[in-house]
Amino acid sequence: DNRFGSKVILITGAGSGLGQASAIQVAKEGAKLSLVDLNGASLEETKNKVLEVAPKTEMILITANVADEKAVENYVNETVKYFGKIDGFFNNAGIEGKQNLTEDFGIDEFQKVVSVNLNGVFYGLKHVLKVMREQGFGSIVNTASVGGIRGVGSQSGYAASKHGVVGLTRNSGIEYGQYGISIKAIAPGAIMTPMVEGSLKQIDPENWEEVGKQFVEPNPMKRFGKPEEVGYLVAFLLSEQADFINATVIPIDGGQSYK
Ligand code: NAD
């Protein structure tokens with residue numbers, strides 16, 4: 001219950017979906033939180049949800065764009081200035097981008113998705129790892145995707161960025177294991193977050209729930225994952241219990257990747 005007592009957990013994309021669910025889970029287990037998102041108002045929502053379940057949680061909220069290296073350096077510095085350390089980092093903020101065949105995929109769209117999902121994760125690693133190496137401890141979870149393990153189609157920018165996140169995870173994991181730091185990625189399948197709800201509503205604003213049902217029909221479990229299910233996994237991976245899991249990717253997808 002108190003797995004994260006006295007531990008400081010930094011989370012990007014904390015205003016919604018997987019970041020929010022993970023913030024709630026680690027706070028329930030005693031963590032202090034540094035929450036980062038591009039959308040400041042969404043961080044207030046997460047803060048209120050955290051305080052409902054863990055009223056004593058110490059927390060700072062930082063509005064920042066992870067695609068901007070200066071902003072990343074700043075959120076890391078702010079966290080260390082306030083809490084003195086970073087025990088765990090959920091390097092999670094990401095966007096989906098528009099879907100299109102490769103030949104029609106706009107370079108602006110490609111770069112936009114890559115700048116958030118890949119550059120953002122790289123900047124986070126770069127600045128947090130410096131802190132963790134000096135501390136001599138830490139754990140990092142990067143958010144990849146099923147689309148970072150296999151092809152899903154129509155998502156050049158997303159696929160390139162999420163495969164890149166897997167590459168960064170493997171590379172940094174082998175570099176930093178010797179300093180007592182473990183780095184892993186998660187590969188979620190379809191999880192019902194505001195991101196996925198938004199995509200379904202783009203397809204059919206009226207009957208998006210029906211579209212969703214058809215979408216998960218090929219999944220062995222025939223349902224979407226829940227954000228809190230990802231929260232449990234992230235909490236475990238950020239805890240000391242998962243220290244020997246390093247430089248690898250853990251799917252959480254109902255079996256979709258292996259079908
Ligand atoms: P979400 O849209 O619900 O939440 C993402 C959060 O990240 C939002 O609060 C958003 O404001 C924030 N964000 C976006 N761009 C940012 C930026 N440049 N700087 C800072 N914050 C930014 O989405 P989610 O489903 O919770 O997705 C979280 C992560 O999980 C993403 O990396 C996504 O690619 C990945 N993922 C999600 C699914 C899924 O099915 N939901 C599947 C695989 C991977």
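This briefing walks through the sheet, the helices and the ligand surroundings of the structure above. The model is a predicted one. At its heart for our tour is an open sheet of seven strands with parallel pairing. We then look at how helices pack on that sheet and on one another, and end with the ligand.

**The sheet**
- Reading across the sheet, the strands come in the order β3-β2-β1-β4-β5-β6-β7.
- The edge positions belong to β3 (59-63) and β7 (248-252); each has a single partner strand, so one side of each is left without a neighbour in the sheet.
- From one strand to the next, the twist averages 15°.
- To see one pairing in detail, find β1 (residues 8-12) and β2 (residues 32-37), which run parallel and are joined by five bridges.
- Within this pair, isoleucine 9 stands opposite leucine 33 of β2.

**Helices on the sheet**
- Helix α1 (residues 17-28) packs on the sheet and touches β1, β2, β4 (88-91), β5 (138-143) and β6 (181-188).
- The direction of α1 makes about 170° with that of β1.
- Helix α2 (residues 40-53) lies across β2 and β3, and runs at about 165° to β3.

**Helix α3 against α4**
- Helix α3 (residues 69-83) packs with α4 at an angle of about 30°, and their axes are 9 Å apart.
- Angles under 35 degrees count as roughly parallel, and α3 and α4 are therefore roughly parallel to each other.
- The crossing of α3 and α4 is right-handed.
- On the α3 side, the contact is made by Glu69, Val72, Glu73, Val76 and Val80, while α4 brings Tyr123, Gly124, His127, Val128 and Val131.
- These contact residues divide into six nonpolar, two polar and two charged.

**Helix α4 against α5**
- Helix α5 (residues 156-176) and α4 pack at an angle of about 15°, with axes 8 Å apart.
- That angle makes α4 roughly parallel to α5.
- Here, too, you can look for the handedness: α4 and α5 make a right-handed crossing.
- The contact includes Phe110, Val114 and Leu118 of α4, and Tyr158, Val165 and Leu168 of α5.
- By type, the residues of the contact of α4 with α5 are 13 nonpolar, six polar and three charged.

**Around the ligand**
- There are 29 residues around the ligand, and Gly13, Gly17, Gly94, Thr193 and Met195 come nearest.
- The elements giving two or more residues to this shell are α1, α4 (107-135) and α6 (194-203).
- The shell divides into 13 nonpolar residues, 15 polar ones and one charged.

How values were computed. Residues are numbered from 1 along each chain as its sequence is written. This is a predicted model: local features need pLDDT of at least 70, side-chain atom pairs count only at pLDDT 80 or more; totals for chains, interfaces and linings use all residues. Two strands pair if DSSP finds at least two bridges between them. Helices (H or I, at least four residues) and strands (E, at least two) are DSSP runs, numbered from the N terminus. Axes are lines fitted to C-alpha atoms, for helices over the stretch in contact, and angles run from 0 to 180 degrees between N-to-C directions. Two residues are in contact if their C-beta atoms, placed from the backbone, lie within 7 Å. A residue is near a molecule or strand if its C-beta atom, placed from the backbone, lies within 6 Å of it. Ala, Val, Leu, Ile, Met, Phe, Trp, Tyr, Cys and Pro count as nonpolar, Asp, Glu, Lys and Arg as charged, and the others, Gly among them, as polar. Angles under 35 degrees count as roughly parallel, over 145 as roughly antiparallel, 65 to 115 as roughly perpendicular and the rest as oblique. A crossing is left-handed if the near helix is turned anticlockwise from the far one by less than a right angle, and right-handed if clockwise.
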